[in-house]
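The report below looks at a single structural model, moving from one local backbone feature to the overall fold and then to the contact between chains. Please keep the sequence and the structure in view while reading.

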Amino acid sequence: MITILTNMLSMCIPFSVALLLASIGEMFNQRAGVFNLGCEGIMAMGAFIGMLIPFSVGGGGPVPQVYNVLGFLAAAAVGAFLGLFFGVVTVTFRAPQGIAGIGLQMFGVGTAGTLFRHFVGGTQSIPGIPDIDIPLLSKIPFLGDVFFSHNGAAYLAYLFIPVAWYILFKTPWGLKVRAVGTNPRAADSMGINVSRTRYESLMLGGALAGLAGAYLSIAQAKMFSDTLISGRGFIAVALVYFGHWHPLQIMGGALLFTFAQTFQTQIQSMGISFPYELAVMLPYVLVIVVLSFTSRNQTTAPTSLGKPFNREMRT
Amino acid sequence: MTRTFRLAFKAVIILIAALAAVLIASIILWMIGADVGATFYTICIVPLTNTLHITEVLIRAIPLCIIALGITVAYRSGIINIGAEGQMAIGILAFTGVALAFPSVPRPLLLPIALLAAVIGGGLWGFIPGILKARLNVSELLSTVMLNYIAAQFYSLCLRTIYLDPAEQGLGAAGTPQSMRLTENVWLGRMSGRLHYGLLFALVLAALIFFLMWKTTLGFRMRASGSEARAARYGGINVAFYVTLAMVISGAFSGLAGGIEIAGVHRRAIEGVTNNYGFSGVVVALFGGLHPFGIIPASFFFGLLIYGATLAPSKVGVPANIVQVMQGVIIIVIVTAQMVLSNAYFQDRVWRKISSLRKKEA
């Protein structure tokens, strides 16, 4: 029993990174007032590009770590580009964000699948990035496995949480983001460029979603497939609601959902005769339950979330 | 501002939008080194070249049309249903369940009951996000997507266990997860090739939706709830009720589409029947201007794209996923173009610019 628990808990941190990064990115989008449902599509593109670079260099064999880093950077760049594209659609043209996000999701997932079939072909694995055991700390029984023997990207992602908190709450740019998401008209009259700030936060959010996708393909699954993302982008959006638009609470949510997901891997590995489809369903059911409890009182939500800003309109 | 200018403005914007969509799709095709012209020819023209191809296009247009009609009801009532994929899967399960349970009931009774089961199944699956939206303000975009994944898992669970074809039972993991071939008593007749009478269903349902949404009080109340919820509430309309109802209708249509697909085409429940029709239905509904009479041609067009894309891998070496890229681009372009068209300030600015240019010339 203890080993099972240790196994599940030690999977929590590395498996939660993709959700966490995408969700923090989405948090920046929503704090600026843009509801980006295309997160899933951006993650798919990030996952594909991230995997493509180490794969095309090493052909599936070992590659120097620098190419994995390049994969992450390229995924972030593609994500930022798609964020920019979404900005053109929803900020400049003020298209309805929900349905435009569905479009972006289909575009991203479709493009990743198309390019994948051309450049990679079938299921191909890459070596990925190794786990780093932190000296001494990883030797602690239980805690060492759970906290201190993961891959480098996972540590960096968790180090990014306080950074995201600092950016959002302690820097002038973070204040601008919160202002344009809460009251864009007031922000505009104070000389803040609402469109520009929204563009910037969409690009940051897109880059993080791209990184999240690349993490899935490079560090977690070590491969790409059409079903790699399987709704994680949408769960990430739901986590932002669950986490009340705050980085630390989002982290808690990401860990909770990952814990639910690890059930599935444990059940499969232990060979318990329990229909594993039910275990796969669990996180999705959890999202609906959680949303049902948290959507009623949206007092912490950015008040202009989902509303395009138009200087020329009076209301 | 002259009438000619207004029409020309509209035409030019639509033209630019179409060009933008083609351009983005072409860039993706160019990236994979495909022959862009040949690909578009294969996807858009080849399926029209013989009767067999056309019947295949129509087969795909049937579920698209029915699903898009349901999505229109929801969209017009202010709730975006992207859960048609899951509602369709549940509809298929309900339809197959009835067919498997009562194989000996005569056809005039069994087929309607099985289709009704599909309607109820889909409707129930649509009821969940509807009531969650109406009562608890849960974003339907997220809840319907989650229900899609849940339905997909439930679908394969059923196919693997209680619905499993006895012929596949002994094979264990090697077997195909599918139900046995359903009794002929639930089959829909076929007109030509695989084209079945579901086509008539789709056309009748389109007329029905037009009547429901634009000629009845019920439809008016649903549309009022969708276009301005606060005004509707002030006018004494129970918005929560109509939003939920719209979602139930939407789900019921998707479920029915699933039932018809099984009765007409596959005649057994098998993986991959839903074939992304749920998402494509959203594109069809938007492309058809959220109106039944626009949806009929739109569903034919997207049936064409979807069938054409299945020809693309063998003919021009382009993965069939390209159709998903096109659909995504088309959604984005449509919603963007609509915003430009409805922007009176922009139209006015263009008009003034043109008239000042004319004055200079004069």
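Which residue just after H3(B) takes a positive phi? In this predicted model, the residue is B:Gly78, whose phi is about 85 degrees.

**Helix H3 of chain B**

The helix that precedes this glycine, H3(B), runs over residues 51-76 and thus comprises 26 residues, and the distance from its first C-alpha to its last is 36 Å, close to the 38 Å expected at 1.5 Å a residue. H3(B) bends by about 25 degrees at B:Ala61, and within four residues of that position there follows a proline, B:Pro63. The helix is mostly covered, since 21 of its 26 residues are buried. One residue of chain B that belongs to the largest nonpolar core is B:Ile66; leaving aside residues up to four places away in sequence, B:Ile66 touches B:Ala202, B:Leu205, B:Phe253, B:Leu256, B:Ala257 and B:Ile260. That core has 218 residues, and those with the most contacts inside it are A:Leu21, A:Ala47, A:Phe48 and A:Tyr215, together with B:Ile66. In soluble globular proteins, nonpolar side chains tend to be buried together.

**Chain A as a whole**

Chain A contains twelve helices and two strands, arranged along the sequence in the pattern α-α-α-α-β-α-β-α-α-α-α-α-α-α. Its radius of gyration is 20 Å, close to the 20 Å that the globule rule gives for 315 residues, so chain A is as compact as a globular protein of that length. Further values for chain A are set out here.

| Property of chain A | Value |
|---|---|
| Box filled by the C-alpha atoms, along the principal axes | roughly 60 × 40 × 40 Å |
| Buried residues, out of 315 residues | 52% |
| Contacts between residues 24 or more positions apart, among those with a separation of 6 or more | 79% |

**The contact between chains A and B**

The contact takes 39 residues from chain A and 38 residues from chain B. On the side of chain A that touches chain B, helix H4 (97-119), helix H10 (232-242) and helix H12 (276-294) each supply at least two residues, and H4(A) gives the most, with 16 residues. By residue class, this side of chain A divides into 24 nonpolar, ten polar and five charged residues.

Conventions: Residues are numbered from 1 along each chain as its sequence is written. Chains are lettered from A and ligands numbered from 1 in the order in which they are written. This is a predicted model: local features need pLDDT of at least 70, side-chain atom pairs count only at pLDDT 80 or more; totals for chains, interfaces and linings use all residues. The radius of gyration is taken over C-alpha atoms; the globule rule is 2.2 Å times the number of residues to the power 0.38. A residue is buried if 20 or more other C-beta atoms lie within 10 Å of its own, exposed if 12 or fewer, and partly exposed in between; C-beta atoms are placed from the backbone. Two residues are in contact if their C-beta atoms, placed from the backbone, lie within 7 Å. The expected span of a helix is 1.5 Å times one less than its number of residues. The bend at a residue is the angle between axes fitted to the seven residues ending there and the seven starting there. Ala, Val, Leu, Ile, Met, Phe, Trp, Tyr, Cys and Pro count as nonpolar, Asp, Glu, Lys and Arg as charged, and the others, Gly among them, as polar. A nonpolar core is a set of buried Ala, Val, Leu, Ile, Met, Phe, Trp, Tyr and Cys residues joined through C-beta atoms within 7 Å.
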